[in-house]
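Work through the exercises below with the sequence and the model side by side. Try each task before you read its solution.

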Amino acid sequence: MHKFFLGLCLICLFSVELNAQVECNLRLYGTIADEHDGSRLAYANLVIIDSKNNRSGTSADEEGLYEKGDLCPGSYTIIISHIGCI
């Protein structure tokens with residue numbers, strides 16, 4: 001009886017591991033503004049780098065608003081650039 005129960009539990013644990021998936025449905029959004037006068041920076045570029053060094057990106061619109069979806073939970077480095085900014 002005990003051998004059957006232990007085997008059944010191992011099968012359950014194994015199947016849980018196989019079905020575990022990370023949902024990458026997080027969203028990053030905001031406004032990009034100049035650090036000197038607070039004006040919004042139209043068409044600024046964002047490069048988003050995850051902990052595995054995968055890169056993706058997006059751009060702000062004419063009002064400095066940006067949005068990037070389909071992100072997984074984790075740590076990111078974000079590089080923002082804009083023509084005319086140093």
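**Exercise 1. Find the element that holds Ile 79, then describe the surroundings of Ile 79.**

Step 1. Ile 79 is found in strand S5. Strands (E, at least two residues) and helices (H or I, at least four) are DSSP runs, numbered from the N terminus.

Step 2. This is a predicted model, in which local features need pLDDT of at least 70 and side-chain atom pairs count only at pLDDT 80 or more, while totals for chains, interfaces and linings use all residues. Residues are numbered from 1 along each chain as its sequence is written, and side-chain values use heavy atoms, with hydrogens and water left out.

Step 3. Check the exposure. Ile 79 has a relative accessible area of 42%, so Ile 79 is partly exposed. Buried means under 20%, exposed means over 50%, and partly exposed lies in between (1.4 Å probe, protein chains only).

Step 4. List the contacts (heavy atoms within 4.5 Å). Not counting residues up to four places away in sequence, Ile 79 touches Asn 45, Leu 46, Val 47 and Ile 49.

Step 5. Compare sequence and space. Ile 79 and Leu 46 are 33 residues apart in sequence, yet their C-alpha atoms are 5.6 Å apart.

**Exercise 2. Which strands form the open sheet, and in what order?**

Step 1. Three strands form the sheet, in the order S3-S2-S5, with antiparallel pairing. Two strands pair if DSSP finds at least two bridges between them.

Step 2. Name the edges. Strand S3 (55–59) and strand S5 (76–81) each pair on one side only.

Step 3. Add the twist. From one strand to the next, the average is 20°. Axes are lines fitted to C-alpha atoms, for helices over the stretch in contact, and angles run from 0 to 180 degrees between N-to-C directions.

Step 4. Take the pairs in turn. S2 (residues 45–50) joins S5 over six bridges. Here Asp 50 stands opposite Tyr 76. S2 joins S3 over five bridges. Here Leu 46 stands opposite Thr 58.

**Exercise 3. Which residue in the turn of the S2–S3 hairpin has a positive phi?**

Step 1. Four residues lie between S2 and S3 in this hairpin, and Asn 53 in the turn has the positive phi, about 70°.

Step 2. Judge the exposure. Asn 53 has a relative accessible area of 53%, so Asn 53 is exposed.

Step 3. Look at another loop. Tyr 43 is found between strand S1 (26–31) and S2. The phi of Tyr 43 is near 60°, a positive value in a residue other than glycine. Tyr 43 counts as exposed because its relative accessibility is 53%.

Step 4. Recall the background. Most residues other than glycine have a negative phi.

**Exercise 4. Which six residues make up the largest nonpolar core?**

Step 1. They are Ile 32, Leu 41, Ala 44, Leu 46, Ala 60 and Tyr 66. A nonpolar core is a set of buried Ala, Val, Leu, Ile, Met, Phe, Trp, Tyr and Cys residues joined through side-chain atoms within 4.5 Å.

Step 2. Follow one member. Beyond four places in sequence, Ala 44 is in contact with several residues, including Ile 32, Ala 60, Ile 80 and His 82.

Step 3. Step back to the whole chain. Of its 86 residues, 15% count as buried.

**Exercise 5. What is the mean pLDDT of the protein chain, and where is the pLDDT below 50?**

Step 1. The mean is 82, and 74% of the residues reach 70 or more. pLDDT is the predictor's confidence in each residue, from 0 to 100.

Step 2. The pLDDT is below 50 over residues 1–19, a stretch with zero contacts in the model beyond near neighbours in sequence.

Step 3. Apply the rule. Where pLDDT is low, the predicted coordinates should not be read in detail.
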